Amino acid sequence: MTHWLDALDLRAPVWQAPMAGSQHHVLAAAVSMAGGLGALPAAMLTPEALRESMAALRQLTPRPFQVNFFCHQPPALDADALRRWSQALRPYYLEQGLDAEAIPQGPGRTPFSAEMLAVLREAPPAVVSFHFGLPPMDLLQSVKALGCKVVSSATTVQEALWLEQHGVDAIVAQGLEAGGHRGMFLSTDLNTQQGLFVLLPQIVRAVRVPVIAAGGIVTADSVRAARALGAAGVQVGTAYLKTPEAATSAVHRAALRTAQGSDTALTVLFSGRPARGIVNRLMRELGPLHPAAPAFPLATAGVAPLRAAAEAQGLGDFSPLWSGQHVAAARECSAAELTNELIAAWHSRRD
Ligand SMILES: Cc1cc2nc3c(=O)[nH]c(=O)nc-3n(C[C@H](O)[C@H](O)[C@H](O)COP(=O)(O)O)c2cc1C
């Protein structure tokens with residue numbers, strides 16, 4: 001069942017997690033060149049920017065990579081909800097000397113579209129992955145018709161079965177310890193979310209397609225543990241944030257340097273969907289799951305000016321400091337070094 005994974009011709013099935021807003025083609029190229037699978041996140045790119053990023057990546061490596069999209073249903077603009085969000089943010093606008101009468105609204109991320117498909121068609125990548133389920137069937141079939149392998153994240157056994165029934169070629173089992181957005185799409189109940197040690201073996205038993213383990217994979221031991229629990233590969237995010245090839249911002253890097261696992265929480269404040277990040281001032285003061293945060297991705301726009309103002313002062317008070325729980329185990333090294341270590345761990349056995 002894993003033959004298409006083998007055909008990627010990686011040194012080991014070590015995948016760099018796509019991380020929108022925190023990395024560009026440079027990290028993807030470094031990982032692919034080292035023999036893993038680099039990833040280009042497209043959730044915050046225009047079609048034109050995606051075209052340029054894919055071309056730039058191909059300038060740096062002939063090796064395969066994945067391109068990643070969000071595929072959420074854009075929410076209706078709910079004026080009352082946006083007003084409540086503006087009210088919650090207003091004191092911070094006043095404090096930062098920003099115009100509280102002009103708190104921006106609007107989407108911060110766009111889902112996969114026919115325009116993005118047209119860019120993929122020009123030069124299809126080996127793997128196309130989705131977060132938050134799958135795009136409409138006609139778009140999905142068109143991606144598959146390009147010869148791309150399709151992957152998506154599951155956070156429950158139900159989601160894994162749904163993805164398999166809808167034709168994915170592999171499933172990323174995203175454990176609760178993972179940094180960034182929860183890929184959950186069949187339920188909004190956070191109590192359904194499970195740690196990787198619980199989730200992974202259940203999904204492996206439930207589906208026939210290969211399962212890639214994500215969440216807390218940082219060290220050689222965690223790679224071996226995922227493999228022992230039936231993973232066909234690993235997908236690693238947070239550990240790559242500390243590499244110089246990532247576009248991690250200065251405030252984010254500083255927070256990652258000192259964070260412990262207990263310093264992260266799931267929050268809806270930065271986008272409207274639950275995502276794991278290092279607790280900062282906004283999360284502490286509003287509470288990470290504040291009910292006034294509007295539906296994904298509408299929470300993003302209102303926080304953006306606060307984030308920019310604080311970052312200009314060297315503060316991450318209003319920034320999404322995405323991080324997984326295993327952050328403290330990640331050391332600062334090059335992306336090639338990290339990839340080599342993870343690849344060696346995949347092939348090693350612990351006696
Ligand atoms: C900074 C950051 C940004 C992320 N952005 C995306 C994204 O754009 N698309 C996606 O599918 N997953 C995204 N994720 C989630 C990862 O795919 C993956 O599930 C997670 O990084 C694995 O857990 P780890 O961070 O403990 O390695 C992001 C994670 C982080 C840390």
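Modeller: A volume of about 30 Å³ belongs to the second largest cavity of this structure, which is a predicted model.

Colleague: What makes such a space a cavity rather than a pocket?

Modeller: The name cavity is used because a 1.4 Å probe fits at its points but cannot get out, whereas a pocket is an open set of points. Under this rule the count comes to 2 cavities of 30 Å³ or more.

Colleague: Which residues line the second largest cavity, and which helix gives the largest share of that lining?

Modeller: The lining is made up of L82, W85, S86, I103, P104, Q105 and G302, and helix α4, residues 79-95, contributes 3 residues, the largest share.

Colleague: Why does the lining of the second largest cavity divide into 4 nonpolar and 3 polar residues, with no charged ones?

Modeller: L82, W85, I103 and P104 are in this lining, and they count as nonpolar because Leu, Trp, Ile and Pro are in that class. S86, Q105 and G302 also belong to the lining, and they count as polar because residues outside the nonpolar and charged classes, Gly among them, are placed there.

Colleague: How large is the largest cavity, and what takes up its space?

Modeller: The largest cavity holds about 540 Å³ of space. Of the 39 residues that line it, A17, P18, M19, G179 and G180 are the closest to its centre. At least two lining residues come from each of β3, β4 (127-131), β5 (149-154), β6 (170-174), β7 (180-181), β9 and α10, and by class the lining has 18 nonpolar, 20 polar and 1 charged residues. The space taken by the ligand is this largest cavity, which means that more than half of the ligand's atoms lie within 2 Å of the cavity's grid points.

Colleague: Which elements give two or more residues to the shell around the ligand?

Modeller: They are β3 (65-70), β9 (233-236) and α10 (238-241). In total, 21 residues surround the ligand, and P18, N68, G216, G237 and T238 are the closest; by class the shell has 9 nonpolar, 12 polar and no charged residues.

Colleague: How do you know that the ligand makes polar contacts with Q174, G215 and G237?

Modeller: The cut-off for a pair of N or O atoms is 3.5 Å. An oxygen atom of the ligand lies 3.0 Å from an N or O atom in the side chain of Q174, so this pair is within the limit. For the backbone, a ligand oxygen is 3.4 Å from a polar atom of G215 and a ligand oxygen is 2.8 Å from a polar atom of G237, so these pairs also count as polar contacts. The ligand taken alone exposes 590 Å², of which the protein buries 98%.

Colleague: Where does the largest share of the lining of the largest pocket come from?

Modeller: That share, 6 residues, comes from α13. The pocket encloses about 340 Å³ of space, and its lining has 22 residues, with G21, M44, R109, R307 and P320 nearest its centre. Two or more lining residues are given by α11 (250-258) and by α13 (299-312), while the classes come to 12 nonpolar, 7 polar and 3 charged.

Colleague: Which residues lie nearest the centre of the second largest pocket?

Modeller: T188, V268, G272, R273 and P274 do, among 15 lining residues. This pocket has about 270 Å³ of space, and its lining is 9 nonpolar, 5 polar and 1 charged by class. R273 is among the lining residues, and it counts as charged because Arg belongs to that class.

Notes: Residues numbered from 1 in each chain as written. Predicted model: local features only at pLDDT ≥ 70, side-chain atom pairs only at ≥ 80, totals over all residues. Heavy atoms only, no water. Near = heavy atom within 4 Å. Polar contact = N/O pair within 3.5 Å; in protein donor to acceptor, adjacent residues only side chain to side chain. Areas by Shrake-Rupley, 256 points an atom, 1.4 Å probe, with all protein chains shown as cover. 1 Å grid on protein atoms, 1.4 Å probe; cavity = no way out; pocket = protein on both sides within 12 Å on 5 of 7 lines; lining within 4 Å. Helix = DSSP H or I, 4+ residues; strand = E, 2+ residues; numbered from the N terminus. Points joined across faces, edges and corners; volume = space filled by probe spheres on them.
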